[in-house]
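Biologist: I have a model on screen and a pile of labels to go with it. Could you walk me through how each label is earned?

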Amino acid sequence: MYQGPNTEFQGAKKYVLDQELASIVNISMKLEMPLLLKGEPGTGKTMLAHAIAESLNMPLIVLNVKSSMKLIEALYQYDTLTRLNDSRFGDSKRDVSDINEYIKMGKIGQAFCADQRTVLLIDEIDKADTDFQDDMLDVLDQMQFDIIETDKTITARNRPVIIITSNAKKDLSDPFLGRCNFHHIAFPDPKMMRKIIDVHFQDIDERLAQNAIDAFYTMRDIDGVEKKPATRELINWIRALNADPDFRAKDLVKGQLPFLGVLFKKSPDYERATNIASRRRLF
Amino acid sequence: MFLNFFYILKEIGIPVSPTAFLTLQKALHLGIIANLNDFYTCARAILVKSERYFDLYDQAFAHHFEGVPLPDSDGFEVDEIARAMLDEWLKNPKELADALGIDEEQLKKLTPEELIEYFKERLKDQDGEHHGGNKWIGTGGTSPVGHSGHHPGGMRVGGQSRNKSAVKVAGERRYKDYSTKGPLTQAKIGEALKRLRNLRPAGPKDVLNIDETIRETMKNAGEIELIFDAALKDRLKVILAIDNGGWSMDPYIHVVQTLFDYARSQFDEVKTYFFHNTIYDSLWEDPARYKKPRNIMEFTRMDPETRLIIVGDASMAPYELMANDGSIHISERSGRPSIQQLNFLRETFSHSVWLNPVSENMWGYSHTILAIAKIFPMFELSLDGLEKAVSALMRKN
């Protein structure tokens, strides 16, 4: 195991870490187990991996899972077409008789082959079907995989810190869960949100931040909204408010809420929110 | 060691595995768990694999480390016993009334629902045991109109926290919202239905078939010949038949609407039809059930691989289901009772399910629900029910 000068994760510049999550991250690293993160979109699941990589000074490798993805694509790719092309035209410097020249490492392969310990983020694993998850089990368990074409086994030189995220409300398969530690990131409370806003906007106007957060939480409480605005939306909203020269922080208290489209991305949600906002203005 | 704690988790219904417990031991051994707070977080991360169980975990934690009592889970049991009592009441009202020490005439004035509620209340009034469902006779003699006594599943005062913050946190039950009983949202329905797919090649041929390409190239003596295939697309045909008539479905409109929205956005070939209470000769394409009737006999011409999903509460008067002219609309009385038509649909589409928004433990109260459940595999319109329904729909054979 890599024992660098800083093996304890304590948060990063743009990431506000709560104590609970910090100890879970640390324990997963010590136990060398992948950490599975679930939570509402926009609660910073992906950001966490970036933050770990930044604070521990490890390179970050991101595997964005797609719905049609096969595990093999994440491990390595045998570039048949280039080889076929080379064998036909023979105008490249590659040695056509050496298969290894045509094997390209996928993201998991890269993490295994890296010279130093890396952070491997497997993002939105729920997008792929269960076969993908099941196939990945062995690889993550044994920390090795075979390249069928060359009959070589690739073993992880340094066990990567593995962070897996999932948006699904549905559970992943049991054997998969058995090999991970699990954490559910709850939506931050207003106090936490204030801290998050502060790290993202260093010199933000005190009143603007507070009013925006208050308005944001009121709007999250609107009934019947399908996609509730999350941290990401709030940050973008504040950015938008900041950029508008005509905007004044006290307008928010009066119920004048500009740029609602930044917060609500679905048209029925948007209409609902605008309706309620304009009604509030009357009172 | 925390063996007891582990078994409490298991008993309370959290799927914990011995491997995970060993991992926890390893973590304890590594010396990274310094206090109860650490233990609370780490044990949860290691043992509990879904936020749905976080609430239960909190309760178990509070119970083990602080002695907060665990909630009972006897709601269902009371339902069952109350139902048994109702059956008994229908068979022999006098005997039951005598046994309970109440006036038969008084009970007769109650509707069946009120009767069940009354029985349930009576069962809860008991202080002693009532397990096994046949001890109610022993309670005879107590006053029928007593005070509402001790409620086994009712309010409880949480244990007092002695400033141990993990216990306090556990006592707050922050994860209550995530337990399985939450309402069905579109996202949840989407998750459950995601597995309802049937991939077939379709669309333009734009995916390179490497094996074929190599073979053709060799045949061509090395001159490269590229072979393309169509990409795999979801080609599942779905028929969604929704009971939108009458007031009996009103409480479930929201849930059904969600399902409907999802189906429309998800499947290429989804046909939605409407009916009232049960299916007679036709299903309607328009929600008003007026303009576009489709005779169900035409359905035989459809692909038998089509998945038929019927959504309805299946609750109606028995004659509507059984009688030859059961329909309340005179225009659809063709002489075939609805139950026969349902059987016909079931035979036509071997992959079919009935989703019932009525909660499963109420099914036993309605004769027609039981009758229809004998024809179609019936599932509750909840997240768990949907998942079961999807696996029934995707079963091969």
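Biologist: Why does Glu206(A) count as exposed?

Modeller: This is a predicted model, and every value here is computed from it. Glu206(A) has 53% relative accessibility. The label "exposed" needs over 50%, so Glu206(A) gets it.

Biologist: What makes Glu206(A) and Arg194(A) a salt bridge?

Modeller: Their side chains come to 3.3 Å, N to O. The cut-off is 4 Å, so the pair passes. Glu206(A) sits in helix H9 (residues 206–220) of chain A and Arg194(A) in helix H8 (residues 190–200) of chain A, 12 residues apart. Arg194(A) has a relative accessible area of 14%; buried means under 20%, so Arg194(A) is buried.

Biologist: Which residues join into one network through shared salt-bridge partners?

Modeller: Arg194(A), Asp198(A) and Glu206(A) do.

Biologist: How do you know that Arg159(A) and Glu32(A) form a salt bridge, and what does the pair tie together?

Modeller: The N to O distance is 3.8 Å, and the limit is 4 Å, so it counts. Arg159(A) is in the loop between strand E7 (152–155) and strand E8 (161–166) of chain A, while Glu32(A) is in the loop between H1 and strand E1 (35–39) of chain A, so the pair ties together parts 127 residues apart in sequence.

Biologist: Why is Arg159(A) called partly exposed?

Modeller: Arg159(A) comes out at 29% relative accessibility. That is neither under 20% nor over 50%, so the in-between label applies. Glu32(A) is also at 29% and counts as partly exposed.

Biologist: What about Glu216(B) and Lys219(B): why are they separated by about one helical turn?

Modeller: Because they are three residues apart in helix H11 of chain B. They form a salt bridge, the closest N and O atoms being 3.6 Å apart, and that is within the 4 Å limit. Lys219(B), at 64%, counts as exposed, whereas Glu216(B), at 21%, is partly exposed. A search of the whole structure finds 16 salt bridges over all chains.

Biologist: How many salt bridges does the rule find across the interface of chain A and chain B?

Modeller: Two. Glu20(A) forms a salt bridge with Arg44(B), with the closest N and O atoms 3.5 Å apart. The rule also finds five residue pairs in polar contact across the interface. On the chain A side, helix H1 (19–31), helix H4 (80–89), helix H7 (174–178) and strand E9 (181–185) each supply at least two residues. The residues on that side divide into 12 nonpolar, seven polar and 10 charged.

Biologist: How much area do chain A and chain B bury between them?

Modeller: About 2900 Å², 61% of it on carbon and sulfur atoms. In contact terms, 29 residues of chain A meet 38 residues of chain B.

Biologist: What makes Thr217(B) buried?

Modeller: Thr217(B) has a relative accessible area of 4%, and the ceiling for buried is 20%, so the label fits. Thr217(B) is in helix H11 (residues 210–219) of chain B. Leaving out residues up to four places away in sequence, Thr217(B) touches Leu84(A), Gly222(B), Glu223(B), Ile224(B) and Glu225(B).

Biologist: Which residues touch the most other members of the largest nonpolar core?

Modeller: Ile108(A), Ile122(A), Met136(A), Ile164(A), Leu47(B) and Tyr57(B), out of 61 residues in that core. Helix H3 (residues 36–47) of chain B gives the most to this core, with six residues. Apart from that core lies another, of 33 residues, among them Met193(A) and Leu263(A). As background, in soluble globular proteins nonpolar side chains tend to be buried together.

Biologist: Why do you flag the backbone at Met143(A)?

Modeller: Most residues other than glycine have a negative phi. Met143(A) has a positive phi of about 60° although it is not a glycine. Met143(A) lies in the loop between helix H6 (130–142) and strand E6 (144–147) of chain A, and is buried at 6%.

Biologist: And what is the phi of Ala314(B)?

Modeller: Positive, about 55°, and Ala314(B) is not a glycine. Ala314(B) lies in the loop between strand E7 (307–311) and helix H13 (318–322) of chain B. At 0% relative accessibility, under the 20% line, Ala314(B) counts as buried.

Note on methods
Residues are numbered from 1 along each chain as its sequence is written. Chains are lettered from A and ligands numbered from 1 in the order in which they are written. This is a predicted model: local features need pLDDT of at least 70, side-chain atom pairs count only at pLDDT 80 or more; totals for chains, interfaces and linings use all residues. Side-chain values use heavy atoms; hydrogens and water are left out. Helices (H or I, at least four residues) and strands (E, at least two) are DSSP runs, numbered from the N terminus. Buried means under 20% relative accessible area, exposed over 50%, partly exposed in between (1.4 Å probe, protein chains only). Contact means heavy atoms within 4.5 Å. Buried area is the accessible area (1.4 Å probe) that two parts lose on being put together, summed over both. A polar contact is a pair of N or O atoms within 3.5 Å; within protein, one must be able to donate a hydrogen and the other to accept it, and residues adjacent in sequence count only if both atoms are side-chain atoms. Ala, Val, Leu, Ile, Met, Phe, Trp, Tyr, Cys and Pro count as nonpolar, Asp, Glu, Lys and Arg as charged, and the others, Gly among them, as polar. A nonpolar core is a set of buried Ala, Val, Leu, Ile, Met, Phe, Trp, Tyr and Cys residues joined through side-chain atoms within 4.5 Å.
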